[in-house]
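User: I am new to this structure. Please take me through it in short questions and answers.

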Amino acid sequence: MKRLPYAFYARPARQVAQDLLGKLLARRFDGRLICGRIVETEAYCDADEPDLACHGDRANDGRPTPRTAVMFGSAGFAYVYFTYGMHWMFNIVTGQEGQANAVLIRALEPLTGVDLMAQNRNGRSRREWTNGPAKLAQALAIDKSLNGANLCQPDGVIWLEDAPPPSEQIAAGPRIGLGQTPEPWYSIPWRYWLRGNPYVS
DNA sequence: CAGACGATTGCCT
DNA sequence: GGCAATCGTCTGT
């Protein structure tokens with residue numbers, strides 16, 4: 001299996017978000033491998049148009065802040081942030097440097113290191129290990145220490161691997177949990193998933 | 001420096 | 001379906 005290269009990420013977020021479906025998210029943890037197949041993503045921001053749901057557009061008048069700085073940086077790095085006082089979210093920076101583009105990984109299908117996922121998810125049922133953005137972060141032991149991690153680095157502890165295109169159909173719909181975000185961004189269909197997959201959130 | 005709120009989850013009715 | 005948990009980040013005073 002081949003690690004996804006920088007060029008894969010250095011494209012518009014919506015394109016990367018769809019192409020990530022079926023790829024593998026891998027994590028080296030406790031000397032072992034945890035790996036899952038990506039089945040749900042969301043795109044935030046695009047080069048051409050504003051996205052008021054995106055942290056990079058919403059805060060500080062569209063300028064970087066300490067939290068969002070990574071989002072404005074090079075593609076192929078991890079943007080990990082803390083929310084609701086208890087949850088970590090794992091995103092992948094996409095697009096061009098200077099633009100706030102990222103893809104949120106929302107759900108995985110467990111493949112490797114299932115005992116570690118069960119342990120990290122406190123013994124919950126298999127279906128609840130990775131069917132949500134904060135759940136998969138916990139299952140893969142993703143936290144602040146991985147913010148800014150280089151996903152293309154050969155000896156990194158978190159990366160993505162190429163995989164054949166998915167056989168499932170790709171579905172699209174509005175993004176989840178946008179709260180007070182105004183239209184049209186509240187309803188714009190930038191969430192993508194593999195139709196029928198049981199691990200979609 | 002105080003106040004509002006969040007790219008969610010899990011428990012309760 | 002409703003709602004509390006829990007704290008970092010951002011904003012306005």
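User: Phe82 is partly exposed, but what is its relative accessible area?

Analyst: This is a predicted model. Phe82 sits in strand β3, residues 78–83. Partly exposed means between 20% and 50%. Phe82 falls there, because its relative accessible area is 39%.

User: Which residues form a nonpolar patch on the surface, and with about how much accessible area together?

Analyst: Phe82 belongs to this patch. The other members are Tyr84 and Met86. Together, Phe82, Tyr84 and Met86 have an accessible area of about 390 Å².

User: In which sense do strands β1 and β2 pair, and over how many bridges?

Analyst: Strand β1 covers residues 24–29, and strand β2 covers residues 32–44. One bridge joins Arg28 to Leu33 in β2. The hairpin of β1 and β2 has 2 residues between the strands, and Asp30 takes a positive phi near 55° there. The pairing is antiparallel, over 6 bridges.

User: What is the bridge partner of Ala26 in β6?

Analyst: Strand β1 also runs antiparallel to strand β6, residues 158–161. The two are joined by 4 bridges. In β6, the partner of Ala26 is Trp159.

User: Which cysteines form a disulfide, and what is its handedness?

Analyst: The count is 1 disulfide. The sulfur atoms of Cys45 and Cys54 are 2.2 Å apart, and the pair is bonded. Cys45 is buried at 3% relative accessible area, and Cys54 is buried at 0%. The torsion about the S-S bond is about -125°, so the disulfide of Cys45 and Cys54 is left-handed.

User: Why does Cys35 not bond to Cys152?

Analyst: A disulfide needs sulfur atoms within 2.5 Å. Cys35 is buried, with a relative accessible area of 5%, whereas Cys152 is partly exposed at 24%. The closest cysteine sulfur to that of Cys35 is in Cys152, and it is too far for a bond because the distance is 16 Å.

User: Is Glu42 buried or exposed, and what is its relative accessibility?

Analyst: Glu42 is found in strand β2. Its side chain makes a polar contact of 2.7 Å with the side chain of Tyr44. A polar atom of the Glu42 side chain also lies 2.8 Å from the backbone nitrogen of Ile176. Glu42 counts as buried, because its relative accessibility is 0%.

User: Which residues are linked with Glu42 in a network of salt bridges?

Analyst: The model has 11 salt bridges by count. Some of them link up in a network that includes Glu42. Its other members are Glu40, Arg106 and Arg191.

User: How far apart in sequence are Glu49 and Arg14?

Analyst: The side chains of Glu49 and Arg14 meet in a salt bridge of 3.0 Å, N to O. Glu49 lies in the loop between β2 and α3, and Arg14 in helix α2, so the pair ties together parts of the chain whose separation in sequence is 35 residues.

User: Which residue forms a salt bridge with Arg14 at 2.4 Å?

Analyst: Arg14 is partly exposed at 28% relative accessibility. Its partner here is buried at 8%. The closest N and O atoms are 2.4 Å apart, and the partner is Asp46.

User: How many residues apart in sequence are the parts tied by Lys23 and Asp162?

Analyst: Lys23 forms a salt bridge with Asp162, with the closest N and O atoms 2.7 Å apart. Lys23 lies in the loop between α2 and β1, and Asp162 in the loop between β6 and β7, so the tied parts have a sequence separation of 139 residues.

Conventions
Residues numbered from 1 in each chain as written. Chains lettered and ligands numbered in written order. Predicted model: local features only at pLDDT ≥ 70, side-chain atom pairs only at ≥ 80, totals over all residues. Heavy atoms only, no water. Patch = residues over 30% accessible without salt bridge, like charges linked within 9 Å, V, L, I, M, F, W, Y side chains within 5 Å. Areas by Shrake-Rupley, 256 points an atom, 1.4 Å probe, with all protein chains shown as cover. Salt bridge = Lys/Arg side-chain N within 4 Å of Asp/Glu carboxyl O. Buried < 20%, exposed > 50% of the residue type's maximum accessible area, 1.4 Å probe, protein only. Pairing = 2+ DSSP bridges. Polar contact = N/O pair within 3.5 Å; in protein donor to acceptor, adjacent residues only side chain to side chain.
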